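Thank you for making room for me this morning. Please bring up the sequence and the model, and I will walk through a few parts of it, with the contacts between side chains as the guide.

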Amino acid sequence: MPNGTIETDAWVLYPANQNGHHGLVRERFEFSNITEDEVLVEPLFGCWEGNMSHALDRRPVDICRQRDEPRVVIGNAGVVRVLRPGSAIDDLAEGDICLVFCNGIWDERGFPKKIYAYDAPGSIGLLARRTKLHRQQLIRLPDDTRFTYPQWAAFSLRYITAWANWRAAYGCWRLHLTADEQDLRPIVWGWGGGVTYAELTLAALQGADTAMMSSDDQRLELIRESGIEPIDRRQFPNLAYDPKRYRSDEAYRAAYIDSENAFLELVARKTGGRGVSILVDFIGLPVFRATLKSLGRSGVVTTAGWKEGMNLSTVRALECMSWHTHVHTHYARYPEALEAVDYAERAGWMAPVNGHATDWDELPSLAEDHAAGRLTSYFPIFRVNPV
């Protein structure tokens, strides 16, 4: 393998308050040549993910400082073209199109410890026109796939996360059933965005009764068109739990309780009093109290991330008496990703991408729109290199 470095065009992120930079900065970026088990690639399409906005917000951490690197390149969901495989790789060739599997550092059983192009040190994300990945971070797409590259870009993080999380949550729920109850259909509801949508469409394909909450009219229509019952979150506008305000602000507490009661009455009506079997909650603290109250006996609350509020508290005795199971996962293992890709191609489980892709030069605008909540799509696609 030749020595030297590779130079590329990239949008980079500096540590907070360094050199006056806060957002993305476009400049030349150099990295070391590939090793025998790495692959030099050029990204084609990426999908803007929540972790990218977390990186820009430095919330909950400044990943540049955490990684002790002067600048980093983010972007860990997308589709790439192989330029040159390492000498030890014999199952990929120049021109192959691959899905990015963003496990950055994994343990001996393949469970993710750190995520590529986020907190994994030394990783170079898809906001670079050339980058390198380990062989175990690539999944070759079928030559005759019926889906577009932008759809697979949207699939690579959110749908793989949803696959692994659903596998764990549904498995836990099934453990509570006896042999003569195996035909029971789970009632699956969800709070959140793209991963929640992916997980609920998967649950629906596998026979569950599904519903998803949103306060955006376009998203509610997409949810309806996807065979999921839309629940307009504006029916309970003050369902945003803040424990400090709940204790100290009587008007806030009364408004919150009214919204919580409205939500729980809706759950009881929609589920015939059974409660929710599995609730996919990617929001966190603001809805967690209502989530737990909405679960039926032996219900499951499941997540692989959060949007607001990482620290949650429960009344352990109540959770025990209700036989509630709390499931937490973090992305997926490589074999699960292979299963997800195979299932998607066979069953038609795929992201509804509308064809629009933000151009390379406009990426800072996409980041700003995402941070400001101006995007209605669950899957904001951007273009890196020509196909």
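Let me begin with a question: does Glu-49 count as buried or exposed, and at what relative accessibility? Before the answer, please keep in mind that what you see is a predicted model. Glu-49 has a relative accessibility of 3%, and because the cut-off for buried is under 20%, this residue counts as buried.

Glu-49 has a charged partner, since it forms a salt bridge with Arg-158 in which the closest N and O atoms are 2.6 Å apart. Arg-158 lies in helix H3, residues 149-175, while Glu-49 lies in the loop between strand S3 and helix H1, so the pair ties together parts that are 109 residues apart in sequence. Arg-158 is buried as well, with a relative accessible area of 8%.

If we step from that loop into helix H1 itself, six of its eight residues are buried, so this helix is largely enclosed by the rest of the structure. The buried residues are Asn-51, Met-52, Ser-53, His-54, Ala-55 and Leu-56. Just after H1 comes Arg-58, which takes a positive phi of about 55 degrees.

Staying with charges, the count of salt bridges in this model comes to 27, and I would like to show you some others. One of them joins Arg-28 and Glu-7, at 3.4 Å from N to O; Arg-28 is in strand S2, residues 24-32, and Glu-7 is in strand S1, residues 5-13, which places the two partners 21 residues apart. Here both partners are partly exposed, Arg-28 with a relative accessible area of 46% and Glu-7 at 44%.

A mixed case is found between Lys-293 and Glu-260, whose closest N and O atoms are 2.9 Å apart. Lys-293 belongs to helix H8, residues 285-294, and Glu-260 to helix H7, residues 250-270, so this salt bridge ties together parts that are 33 residues apart in sequence. Lys-293 is partly exposed, with a relative accessible area of 44%, whereas Glu-260 is buried, with a relative accessible area of 2%. There is also a network of salt bridges, and it links Asp-9, Arg-26, Arg-129 and Asp-361.

Let me turn now to the aromatic rings, where the count comes to 24 aromatic pairs. In one of these, the rings of Phe-101 and Tyr-334 have their centres 5.3 Å apart and their planes at 80 degrees, and because planes over 60 degrees apart count as edge-to-face, that is how this pair is classed. Phe-101 sits in the loop between strands S5 and S6, and Tyr-334 in helix H10, residues 334-347, so the contact ties together parts that are 233 residues apart in sequence. Phe-101 and Tyr-334 are both buried.

The pair of Tyr-197 and Tyr-378, on the other hand, is stacked, with 5.6 Å from centre to centre and 25 degrees between the planes. Tyr-197 is in helix H4 and Tyr-378 in the loop between helix H11 and strand S16, 181 residues apart, so that here too distant parts of the chain are linked. Tyr-197 and Tyr-378 are both buried, and they also belong to a cluster linked by ring pairs, whose other members include Phe-147, Trp-152, Tyr-343 and Phe-379.

How many residues of helix H4, the home of Tyr-197, are buried? The answer is 10 of its 12, which makes H4 mostly covered; among the buried ones are Gly-194, Glu-199 and Leu-202. H4 runs over residues 194-205 and reaches 17 Å from its first C-alpha to its last, close to the 16 Å expected. After H4 comes Gly-207, with a positive phi near 100 degrees.

Rings in this model also meet charges. The charged end of Arg-333 sits over the ring of Phe-111, 4.3 Å from its centre, and the charged end of Arg-253 sits over the ring of Tyr-246, 6.0 Å from its centre.

I will finish on the surface, where Val-315, Leu-318 and Met-321 form a nonpolar patch with about 300 Å² of accessible area together. Leu-318 is placed in helix H9, residues 316-321, and is partly exposed, with a relative accessible area of 47%.

Technical notes:
Residues numbered from 1 in each chain as written. Predicted model: local features only at pLDDT ≥ 70, side-chain atom pairs only at ≥ 80, totals over all residues. Heavy atoms only, no water. Patch = residues over 30% accessible without salt bridge, like charges linked within 9 Å, V, L, I, M, F, W, Y side chains within 5 Å. Areas by Shrake-Rupley, 256 points an atom, 1.4 Å probe, with all protein chains shown as cover. Salt bridge = Lys/Arg side-chain N within 4 Å of Asp/Glu carboxyl O. Helix = DSSP H or I, 4+ residues; strand = E, 2+ residues; numbered from the N terminus. Buried < 20%, exposed > 50% of the residue type's maximum accessible area, 1.4 Å probe, protein only. Expected span 1.5 Å × (residues − 1). Phe/Tyr/Trp six-rings, centres within 6.5 Å; stacked < 30°, edge-to-face > 60°. Lys NZ or Arg CZ within 6 Å of the ring centre and 35° of its normal.
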